[in-house]
Each structure stands twice: as structure tokens, then as C-alpha cells.
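Dear colleague,

I am handing over the structure we spoke about, and my notes on it follow below the view. Please read them with the coordinates open.

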Amino acid sequence: MFTLLTYAALDLLWLNLFAKNFIRKQVGQYLAAQPDLKAGAVFYLIFTAGLIWFPVHYIDHLLNMQRFTLRAGSLANMQLRPFTLPDPAPGEVRVAVRAVGLNFADIYAIWGLYSATPKGEFTPGLEYSGVVESVGSGVSHLHPGERVMGVTRFGGYTSHLNIDARYVVPLPEDWDFKTGASFLVQTLTAYYGLKTLGALERGYNVLIHSVAGGVGLQALKIAKAYECFVVGTVGSDAKVDFARKEGCDRVIVRGEGFENDLKNALDGRPLHIVIDTVGGRYFTIPFKMLAPMGRLIVVGSSRYTSVGNKPNIFRLLYYFLTRPKIDPQQLPEINKGVLGFNLIYLYERAELMHQLLQEIAALHLAPPHVGHVLPFEKMHEAIRLFQSGKTMGKVVLEL
Ligand SMILES: NC(=O)c1ccc[n+]([C@@H]2O[C@H](COP(=O)([O-])OP(=O)(O)OC[C@H]3O[C@@H](n4cnc5c(N)ncnc54)[C@H](OP(=O)(O)O)[C@@H]3O)[C@@H](O)[C@H]2O)c1
């Protein structure tokens, strides 16, 4: 939009200056006095050229590929820029992106706090949906025109991308692009955490932090598919009804009374699995309350987040210094497990990703909840909204 407005402003300025100049210098006298064919022709040519220039620039802009790029460190560094792509290489497809899904990790990548963040200029973004435009040699399972969704190890905040076809899957027929851009990262995270690491079994009692968020809602659906009793936490009262409606058995608003609230919610039930996305005391208290053989799965630490272009260093430092610490020698004595993972490493294991997707498909989960939709150009606004901690479901940008 910025580029477009710049073009429009330049065009108008150019036309205006030229027309005014010309009218003053030539046409005024000329029309008032004697007709001058040469001047009239020049005016006509310049005016027509100006009129053509704007639409040509406009169309050029629309056809342009654009992506957000920055050097990690500050959200303020991120800008939408035109770029070009070569034809897809063997094994790749070119996707025209229609929707981009935000993930919490994007914030840490933009801030430069994520160890996997590429060095130098990069495009954030881990997932998208769109339409296959062209395929490289050796790709037979995807075809131009096919609606798809996919994951990418960065590079998702873009209008187009060439991507290894193994990380692109067909979009279910009854899903729109927004839904497609909301599925893969958060569902794979929730499933890998609960099932692969947590060894989820039917009837387990599960605690899911940020249950109204992207990962949280998918974890809730998976746990419910296994007929589990789910206690979910949220950061504010505004999310309680929503979480209940989505099927959460007990909803706790995190706060001073968390330990008691969790005890009351469990009401004597053993706690088998915790999905921790917040950290700090919301790690320590449930860990203490885990049943023997229970597993606490750490997938994130959203408490480090604050609103702003750059991280709040003092807050980071304080949380870092006061982070929970586990004595490994104590684990066999108390018979509990702590596991962690980062989905980005699954990108290097495409076969495992497809196997997990098949297992997830067998659960027939309802489509993910798209909570907030903004136009692609409003990426900064969307990230600030995400940082606020007020979102419910997925935040998606549409192209
Ligand atoms: N390991 C992996 O591969 C992986 C992959 C995807 C996501 N994750 C992690 O999973 C968690 C959820 O990710 P998501 O993308 O689905 O996001 P999300 O849950 O949709 O949104 C984040 C939520 O975190 C909570 N939160 C707690 N403290 C916060 C703070 N200081 N600032 C802002 N929000 C805060 C807020 O909900 P409430 O306050 O209501 O709880 C907020 O809505 C994140 O920790 C993320 O890093 C990990």
C-alpha cells in the first residue's frame, strides 16, 4: 500500500506540476492568444503519458511480488519490499500466498531472540496457504491451480514463495485460506507435545496453558478427542467463556491464586500432562502437582513477551534470572518428566511431519479457530495485537 501511495503521489505531483507549468507558460497565453499546434501536441503527449504512467505503475505494483524483510532486532526495521523469484528449482513449487498465519515464535525471531533466526536480512513467517502457481521438475503430487497450505523455515511473510514441495500439502476442500494458514504449526506442536512426548492416553487429566490461543485450542481439541479432562488457563476473564464454549472442562484465569485454583479444578484427579507455553511459576506449580509418571512438556515461554518494537530487556533479564530450575537427580525420585521441543526441527524431518499429519487427520478435529484477520499490509499492527496477549485463536493476514 505504501509503494502504491508513493506512486500515486508522485504521479499526481508530476502531472500537477507539469500541467500547471505548461498551462501557465504555454497554454494560458496560447489559448488566450493564438493557437500553436506544436505546444498543443506537446501538452497532449505529456498529459497522456502521465495518465498512462499511473495505471501502468499500479498494475506493475499489483503484479509485483512483495515480502516483509528486516534485520532482526526491532519490529520497526521490518518493511514491505518488492522482490523477484526465479522459477522453482527441482523439487520445489511456487505458491501465490493468500493467507499468512502468525506464530508467537515470529515475535522472538523479529526481536532476534530466537536462536534459529537467520543472520542478516530475512523474512519472518512459518506458515501460509495459497495457490500453486508452478512446479519444478520432479514434483508430481502438486499441480498449478491447486489450493495448498504449508510450513516454511522462515520466509512466510510474503506474497509468493518457492518452497520444497515436501512441506506443502493440499488444503482440505471445505477450508478457506485463512483456516489453512492456521493449522499446521499449531496443530503439529500440540500433537507432538501431547501425543509423541506426553504419551497421551484416553481419559488423562491435562493442563493446557493459554488454552484460548492457537496452540492451546488445538491441544484442547486433541485432548478432547482422547476424552481427557482438560483444565485450561487464560490471562484474562474476557477469554473464559470462549474457552468453555470450545470444550475446556475447567478454566483458570492465571493470577496470584493459581495454585489453589489448579487444586480446585483438578478436585483430587491426578495431573498427567502439562503443556507449558508460559513459564515461570506456571511451570513450577503444575510441575509440583504432577502425578508420578506425569510429564510436563515445555513448548514456549510467552511471559517473556511485551508490547513494543524491541524486547523489554529488564523484564527479560528478571524472568531469565528467576526462571525455574530442575535438579535432574531429583527426577527419578519423584518419577516425573520434563520434555521440550521446537517444531522448527521437524522441518528437517519431512517424513515424520507427514506421519504426524496422518495421525492428526485420523482424529477428525474441527477446523482451527481463526480469531483475527487483517490485511497483509497491516503486518505490524497484527504483530502488536499478538504481543498484547489479548488474541483468541489464530491471527491471520490476508492477501
Ligand atoms: N515449540 C514450538 O515449536 C512452538 C510452536 C508454536 C508455538 N509455540 C509456543 O506456544 C505458545 C503459544 O503460541 P501461539 O502461536 O499459539 O500463540 P497464542 O497462544 O495464540 O498467543 C499467545 C498467548 O500467550 C499468552 N501470554 C502469556 N503471557 C504473555 C505475554 N507476556 N505477552 C503476550 N501473551 C502472553 C496470551 O494468552 P493468555 O494470557 O490468555 O494465556 C496470548 O494470547 C507460545 O509460547 C509459543 O512460543 C511453540
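In the notes on the ligand, Ala, Val, Leu, Ile, Met, Phe, Trp, Tyr, Cys and Pro count as nonpolar, Asp, Glu, Lys and Arg as charged, and the others, Gly among them, as polar. With that division, the shell around the ligand comprises 16 polar, 10 nonpolar and two charged residues. Please keep in mind throughout that this is a predicted model.

Of the 28 residues around the ligand, those that come nearest are Gly213, Gly214, Gly235, Gly300 and Gly389. Two or more residues of the shell are given by each of helix H3 (104–111), helix H5 (184–197) and helix H6 (214–225). In terms of domains, at least three residues of the shell come from domain 2 (75–183 + 367–398), and at least three come from domain 3 (185–350).

Turning to the strands, an open sheet is formed by six of them in the order E11-E10-E9-E12-E13-E14, with parallel pairing. Its edges are strand E11 (250–253) and strand E14 (337–340), each of which pairs on one side only, and neighbouring strands of the sheet are turned against each other by 15° on average, direction ignored. Within this sheet, strand E9 (residues 205–208) runs parallel to strand E10 (residues 229–234) and is joined to E10 by four bridges, and Ile208 stands opposite Gly232 in E10.

For the chain as a whole, I find 13 helices and 16 strands, while buried residues make up 37% of its 399 residues. Among contacts with a separation of 6 or more, 66% are between residues 24 or more positions apart.

With best regards

Key. Residues numbered from 1 in each chain as written. Predicted model: local features only at pLDDT ≥ 70, side-chain atom pairs only at ≥ 80, totals over all residues. Near = placed C-beta within 6 Å. Domains from an automatic or database assignment. Pairing = 2+ DSSP bridges. Axes fitted to C-alpha atoms, helices over the stretch in contact; angles between N-to-C directions. Buried ≥ 20, exposed ≤ 12 C-beta atoms within 10 Å, placed from the backbone. Contact = placed C-beta atoms within 7 Å.
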